[in-house]
Amino acid sequence: MRVRLDINGLDCPHCALKLEGMIKEHPEVKDASINFASKLLLVDTHQDVDEDEFAEKMQKIANDFEDGIEVSVRD
Amino acid sequence: MMLGIIKSITPKERFILAGSLAVMVLLLIKRGELPLVLTLGLFFIAYIAVAYDVVISAFKTLFIRHRMSEQFLMTIATFGAFALQDYPEALAVMIFYKIGDIFEEYASGKSHEEITSLVKLKPSFARLVKDDGSEEMVKPRKVKIGDVIRVKAGEAIALDGVLLKGYAQVNLAALTGESMPVTFKEGDEIPSGGINLSQVVELKVTRNYRNSSIARLINLIEDAAANKSRPEALITRFAVWYTPIVVACAALLALVPLFISGESWADWTQRALVFLVVSCPCALVLSVPLSFFGGIGAISRIGVMVKGSIFIENLARLKALCFDKTGTITYGKFKVTEFKVKDDKALAYLKALEEQSTHPLAQAAVSFCTEHLKGQSVFKANEVKEIAGFGIEGEIDGHHVVACSKEYAKNLCGTLDLSAQKLGTEIYVVEDHKLLGLFVLFDEVREDAQELFVKLKDLGIATAMITGDKKEVAQVIARELNLSEVYAEQLPDDKLKAFNEIKKHYGLVGYVGDGINDAPVLAASDAGIAMGQFGSASAVEASDVVIMQDELSKIAKTIELSRKTLSLAMQNMIFVILAKLIILILGALGMAGIWLAIVGDVGLCVLAVLNAMRALTWVKNKVDLKELKTAVV
């Protein structure tokens, strides 16, 4: 399943790369990519997930990475 | 633009940056002249004001998350400069680091805004009509299928829906790149993303927001970043190793005097600082993907969707392009191009027979006859039977009538005293062994096909046609359009084989089809281009590039823009890597000071990003909301 999340507050494009690497290690995540320019976190998950719950999990990873990053479900 | 950047930060930040910049300049020109206490006092005030958040965040990340962030590296660099008593340099590292940051933020925000006219058209609300006729403004994703929404003149249509009554003039430029308004009538489905140019209309929603045209399109473009091109993949790998290696080198440089006696600590510390300052690969990591992102945005404005930067790269390097014939090079609609009749009855007979068939040829024949007969002498055919592969027969008005191929007609009549001049599919009408007339039907070549093939030749791209149609027909078209190769009479399974043969010969090969029966070839190609009126989900799924309106000539334009995009990305990549390498080498040799490093790093970032943003200006935005609103009567 493809989940599209807004990601705000990232410091720099290569921090985005690092965070992307961390998200890829999450067991539910098949693939992930952050588009720094469009502030989009695109995640392909192995199984169908509840988007809001999933966004919270991603928020947790972001919190472990840096302060001030906000992850939310894209409208 | 400068104004835009300045506006993007708060007055407080502006004040701090300007203030610390002034202190930096003062310390620089009065170096050694001011009393030490005053120098230190000014330095600390400015440094704390500009750097406290960076320093705090740096140590937080280090102690809580056990990670060296780039903020930490910058902090170390300023400490180093301070230790060397290079006070203005210490300030400069921090100030320009922040300016670079602000610039990156601005560039990414700006590009996101400008990348597509779509984002501007992304509907932020819908007017939901309630049972009592009153309306409520809601978020588009809250609207359900079957709900009725109201769209006022000049507003974007938020969700796909069927027009409830009357007519609507809609500008679909965001979806198709075509700014001529399209007229919809009652019962038609209007795609979201269009702008209503007529009076207030009401739509019954047919798809929820998530699956609506505009949302699918925006996702297509934004997801495109996930299909990384080779330069982007290279940059990603480079970036992962770059920082640790440069930082390790910095550490080694700082330790040199420990091993070589007589070397000055200050000198080598300075060399190490140069490395720290340029240790962030930001300019690279932002500018290359930004180039591709901008390219995808520019291409979207001519009504072509590219599903990833990898396909931009493939399109740019394309050696050959294969085409399906029916529906791609041709309109896919047969037309009568020639007819010879001994008796007008032939028209009426043909119509009566072919009315019973669903073949595309039959439909073309019927519409032609209907037009020519203008309602006179209508017959009814009985006992109509298909003669598989040859034609159709039946009983009309007491006669045995056959509409058939040349061979079959020859068998019936012996010799044929009519013959066709034009090329195409021939239909002979025979009444009781008597030839009555002959019709030639042809699937016409698209108007803009010629233009496309001339342009492709100019671009140095070989062209081939793969079709299931007859050799003669295929060859005529190929000669007319000057195609390099033709593969005719190919069954659907053979198409892939023919394609692979071409691919073996040329390398990078694209395929253009309608996405309906050539999905395997589309998938096998390096760039599968689908011609598809917007909304054909199968075409969008199977292909890498979607031409939103059936305009062949847009393919050449897309390839041109792809080439521009790729060269822009390569330019940025080579420029940034070279510049960083030169600074590093000069720094290691002790020939580059901290100033050069700062200019090299932040200046580079600004230049590369500005260069990448050029892509946004290649295609002028066709949808100008303000202009549209004034155009509404």
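Which residues lie nearest the centre of the second largest cavity? Keep that in mind while you load the coordinates; this is a predicted model.

**Stop 1: the second largest cavity**

Select B:Phe96, B:Tyr97, B:Gly100, B:Asp601 and B:Val602. These are the residues nearest the centre of the second largest cavity, out of 17 that line it. The volume here is about 190 Å³. Now show helix 4 (70-83), helix 5 (87-115), helix 11 and helix 23 (594-613) of chain B; each supplies at least two lining residues. Colour helix 5 of chain B separately. This helix gives the most to the lining, with six residues. Then colour the lining by residue class: twelve are nonpolar, one is polar and four are charged.

**Stop 2: the largest cavity**

Keep helix 11 of chain B on screen. This helix also provides the largest share of the lining of the largest cavity, seven residues. The space inside comes to about 300 Å³. Select A:Ile34, B:Lys228, B:Glu232, B:Val285 and B:Pro289. Of the 23 lining residues, these are the closest to the centre. Both chains appear in that selection, with A:Ile34 from chain A.

Next, show the elements behind the lining. From chain A, take helix 1 (13-24) and strand 2 (29-35). From chain B, take helix 9 (230-259) and helix 11 (282-300). Each of these four gives two or more residues to the lining. By class, the lining splits into 16 nonpolar, four polar and three charged residues. To go further, there are ten cavities of 30 Å³ or more to look for.

**Stop 3: the sheet in chain B**

Hide the cavities and switch to cartoon. Find the open sheet of six strands in chain B, ordered 2-1-3-9-4-7 with antiparallel pairing. Where are its edges? Strand 2 (135-138) and strand 7 (189-190) of chain B are the edge strands, and each pairs on one side only.

Zoom in on strand 3 (residues 148-151) and strand 9 (residues 201-205) of chain B. The two run antiparallel and are joined by four bridges. Pick B:Ile149 in this view. B:Leu203, in strand 9 of chain B, stands opposite B:Ile149.

**Stop 4: the domains of chain B**

Zoom out and colour chain B by domain. Domain 1 covers 1-115, domain 2 covers 121-221 and domain 3 covers 331-444. How many ångströms separate the centres of domain 2 and domain 3 of chain B? Taken over C-alpha atoms, the separation is 45 Å.

How values were computed. Residues numbered from 1 in each chain as written. Chains lettered and ligands numbered in written order. Predicted model: local features only at pLDDT ≥ 70, side-chain atom pairs only at ≥ 80, totals over all residues. Heavy atoms only, no water. Pairing = 2+ DSSP bridges. 1 Å grid on protein atoms, 1.4 Å probe; cavity = no way out; pocket = protein on both sides within 12 Å on 5 of 7 lines; lining within 4 Å. Points joined across faces, edges and corners; volume = space filled by probe spheres on them. Nonpolar A, V, L, I, M, F, W, Y, C, P; charged D, E, K, R; others polar. Domains from an automatic or database assignment.
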